[in-house]
Amino acid sequence: MRKDEKKNSGRHWPWIVVGLLVANAAGVVILLLVSTTDASHHVESDYYRKGLNFNQTIAQRKKNLELGWQLGIRVGAAEKKSRRLQFKITDAEGRAIRGADIELLTFHKARASRRLKAKPLELASLPGYYQTRLPMFKEGIWEFRVVVNRGGQRFTARKDIDTSSSDAPVEPPK
């Protein structure tokens, strides 16, 4: 072995170690970016408080059963970058609930971090029917969380609707 070969033989090892450390750091940065920007991942907002107040959720479910109200949702076909949503709320006898204040939260199940909120308004031509438009571009299963307030009464409902079978009837189930 020559003298100049002996001098250069170990110089590449520090660069290999540095290269491995840089590759590891780059991998961590990429994983962080993917995990924080992916729309399909979502942590329920204020989940700890909701867990602590779960007894209130159970009480509201009981109140919903006592009221006997039913919720019907119709998701219209996509047109001009939005969809028309119609809601019908009926009481235990099947009569339309008029003059209610409705709050809506909806999201596509595959894109849970992209949440849409609305306050559907009652149609003057169809009392008891409420309507809004939302930019629901994606076909598939959407979760609807609806809160209805009227005259001191509160009703909540949570429904999953497949928008690929749009224009389903708005009548609530019997």
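## Fold, sheets and largest pocket of a predicted model

Read along the sequence, the protein follows the pattern α-α-α-α-β-β-β-β-β-β-β-β. The model discussed here is predicted.

Trainee: How many helices and strands does the secondary structure of the protein come to?

Mentor: The pattern along the sequence is α-α-α-α-β-β-β-β-β-β-β-β. Counting the elements in that pattern gives a total of four helices and eight strands.

Trainee: In what order do the strands of the sheet with edge strands β1 and β5 lie?

Mentor: In this sheet β1 (70-75) and β5 (121-122) each pair on one side only. Strand β1 is joined to β2 (residues 83-90) by six bridges, and these two strands run antiparallel. The sheet is open and has four strands with antiparallel pairing, in the order β1-β2-β6-β5.

Trainee: Which residue in β2 stands opposite G72?

Mentor: The register can be read from the antiparallel pairing of β1 with β2, which rests on six bridges. In that pairing, the residue of β2 opposite G72 is K88.

Trainee: Is K80 buried or exposed?

Mentor: K80 is found in the loop between β1 and β2. Its phi is positive, about 50°, although K80 is not a glycine. Exposure requires over 50% relative accessible area. Because its relative accessibility is 83%, K80 counts as exposed.

Trainee: What is the phi of K81?

Mentor: K81 also has its place in the loop between β1 and β2. With 70% relative accessibility, K81 counts as exposed. K81 is not a glycine, yet its phi is positive, at about 65°.

Trainee: Which are the edge strands of the sheet that contains β3 and β7?

Mentor: This open sheet has four strands in the order β4-β3-β7-β8, with antiparallel pairing. Its neighbouring strands are turned by 15° against each other on average, direction ignored. Within the sheet, eight bridges join β3 to β7. The strands that pair on one side only are β4 and β8.

Trainee: Which residue in β7 stands opposite H108?

Mentor: β3 and β7 run antiparallel and are joined by eight bridges. Across this pairing, H108 faces a residue of β7, namely W142.

Trainee: Which residue in β8 is the bridge partner of V148?

Mentor: β7 and β8 run antiparallel, with 10 bridges between them. They form a hairpin with two residues between the strands, and G151 in the turn has a positive phi of about 55°. In β8, the bridge partner of V148 is F155.

Trainee: Is K117 buried or exposed?

Mentor: K117 is found in strand β4, an edge strand of its sheet. Beyond its neighbours within four places in sequence, K117 is in contact with L104, L105 and L134. K117 and F107 are 10 residues apart in sequence and 9.0 Å apart in space, C-alpha to C-alpha. Because its relative accessibility is 70%, K117 counts as exposed.

Trainee: Is G140 buried or exposed?

Mentor: G140 is found in the loop between β6 (129-134) and β7. Not counting residues up to four places away in sequence, G140 touches H108, I161, D162, T163 and S164. Buried means under 20% relative accessible area. G140 has 16% relative accessibility and therefore counts as buried.

Trainee: What share of the contacts between residues at least 6 apart in sequence join residues at least 24 apart?

Mentor: One pair separated along the chain is G140 and D160, which are 20 residues apart in sequence and 9.9 Å apart in space, C-alpha to C-alpha. For the protein as a whole, among contacts between residues at least 6 apart, the share that joins residues at least 24 apart is 62%.

Trainee: Which element gives the most residues to the lining of the largest pocket?

Mentor: The largest pocket holds about 1000 Å³ of space. Of the 28 residues that line it, the closest to its centre are T57, R145, V147, R154 and T156. At least two lining residues each come from α3 (47-52), α4 (54-67), β3 (101-108), β4 (116-118), β7 (141-150) and β8 (153-162). The element that gives the most, with seven residues, is α4.

Trainee: How many charged residues are in the lining of the largest pocket?

Mentor: The lining is divided by residue class, with 10 nonpolar and seven polar residues. The charged residues in the lining number 11.

How values were computed
Residues numbered from 1 in each chain as written. Predicted model: local features only at pLDDT ≥ 70, side-chain atom pairs only at ≥ 80, totals over all residues. Heavy atoms only, no water. 1 Å grid on protein atoms, 1.4 Å probe; cavity = no way out; pocket = protein on both sides within 12 Å on 5 of 7 lines; lining within 4 Å. Points joined across faces, edges and corners; volume = space filled by probe spheres on them. Nonpolar A, V, L, I, M, F, W, Y, C, P; charged D, E, K, R; others polar. Pairing = 2+ DSSP bridges. Axes fitted to C-alpha atoms, helices over the stretch in contact; angles between N-to-C directions. Buried < 20%, exposed > 50% of the residue type's maximum accessible area, 1.4 Å probe, protein only. Contact = heavy atoms within 4.5 Å.
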